[in-house]
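Got your viewer open? Load the model below, and we'll walk through it one selection at a time.

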Amino acid sequence: MNPEREYFMIKEIRDTPRALAKVLEEEGSLRQIAEGLFKSGVRRLFLTGCGSSYYAALVATQASAAPFLFQALPSSEMLFYQSGIAPRESAVIGISRSGRTAETLAALREARTRGITTVAITCSEDSPMRAEADTGIFLDVGEEKSIIMTKTFSSLSLASTLLCEEFGKIQGVAPRDRLRTESLPEMALQALRLEDDIKRIAEDVHTRDFFFVLGQGHTYPVALEGALKLMETCNIMTTALHILEFRHGPMAAVDDRVGIVVIALEDNSSKAVARLVKEAEQQGFRLFVLSNIPELEDALELPRDLDLRLSAPVTILPIQLLAFYISVNRGLNPDSPRRLHKFVGGF
Ligand code: F1P
């Protein structure tokens, strides 16, 4: 093990602010895609992907908070259970770093055969998904050399959120206040400044056998993605839960081999979350809390004036860093986890 070696994963995490700025340059193109869909009669978007790309879809639908307009589904669910999706008035948005994942390609092909418009959002310029979809966008954020998705997860989340936002605006359902996109790369830089603290925490917790990652509302898809990072890079069994669900059974499973990560943003759940964290601490649980809720004064501090709808590409950064440093502390290679490949083909 050599923790000082520069792995691709850590470089790619640190490259996120630049990647987000690149995606923001595509706002106009995403608006055009949304307008084109609406003009052709589309009224509902189904967002689909696998693994981290599915969680990017969830980030976008959670941010948009309009379940009648947007739904996120894993590509396998989309493929095998899409018969209820109405052709012509629906579009299927395929999200994929590689544009080559078997289920996502198959779901888009099946949708097209049924007369449903398809859109590809990908980080690969020459992918079959982009060539086969009716329309789409290539996010030129630089090749990700690690098998693990980090800056591409954030980029795909942001692009999908912007697409939903534009589509929602056309339909008159987007919230009135505009997204505060201009401060996003700076917010990501702020979150990255937690790296040294997280490195120390990782040294402390790297021998844990199991993790809970708790999030809710805008941080729930982030909890799912964070749990995936810990499983992929650290080989640690991890489960993501809605924060208050932790009280309804799972806390019985906690002992000193278990690590608990909480990601909580200031919103209308803040008081309930702060109470849960304090109660858990009184029970003797040691929590790793990432938050900008003022009552949680011991938390690793997330940026204060974070736009909730754009928060996922920022709040995921400390968990990606945690997964990276736990992985190297366990003597693993985070760039190349056992059994994993950049994408999964055939089934
Ligand atoms: C999706 C994905 C990754 C996962 C693994 C296999 O790929 O499931 O999220 O980490 O490496 O592929 P893609 O469709 O976004 O290229």
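Before we click anything, here's what a pocket is: on a 1 Å grid over the protein atoms alone, a pocket is an open set of points with protein on both sides within 12 Å along at least five of seven lines, and its lining residues have an atom within 4 Å of a point. A molecule sits in a pocket if more than half of its atoms lie within 2 Å of the pocket's grid points.

A bit of small print: this is a predicted model, where local features need pLDDT of at least 70, side-chain atom pairs count only at pLDDT 80 or more, and totals for chains, interfaces and linings use all residues. Residues are numbered from 1 along each chain as its sequence is written, and side-chain values use heavy atoms, with hydrogens and water left out.

**Stop 1: the ligand.** Select the ligand, and you're looking into the largest pocket, where it sits. Now show what surrounds it (residues with a heavy atom within 4 Å): there are 15 residues, and the closest are Ser53, Ser96, Ser98, Thr101 and Glu232.

Next, look for polar contacts, meaning pairs of N or O atoms within 3.5 Å. Which polar side-chain atom lies 2.5 Å from an oxygen atom of the ligand? Pick threonine 101 to find it. Then try the backbone: a polar backbone atom of arginine 97 is 2.7 Å from a ligand oxygen, and a backbone N or O atom of histidine 341 lies 2.8 Å from one. Taken alone, the ligand exposes 390 Å², and the protein buries 94% of that (areas by the Shrake-Rupley method with a 1.4 Å probe).

**Stop 2: the pocket walls.** Hide the ligand and colour the lining of the largest pocket: 22 residues, with Cys50, Gly51, Glu232, His341 and Val344 nearest its centre. Helix H4 (52-64), strand E3 (90-96), helix H6 (102-113) and helix H11 (220-234) each give two or more residues to this lining. The pocket's volume is about 470 Å³, counted as the space filled by probe spheres set on the grid points, which are joined across faces, edges and corners.

**Stop 3: the second largest pocket.** Select Glu281, Arg286, Leu287, Phe288 and Val289, which lie nearest its centre among 22 lining residues. About 330 Å³ of space lies here.

**Stop 4: the largest cavity.** A cavity is a set of points where a 1.4 Å probe fits but cannot get out. There are 6 cavities of 30 Å³ or more, and the largest has a volume of about 40 Å³. To find it, select some of its lining residues, including Gln216, His218, Ile243 and Asp267.

Methods: Polar contact = N/O pair within 3.5 Å; in protein donor to acceptor, adjacent residues only side chain to side chain. Helix = DSSP H or I, 4+ residues; strand = E, 2+ residues; numbered from the N terminus.
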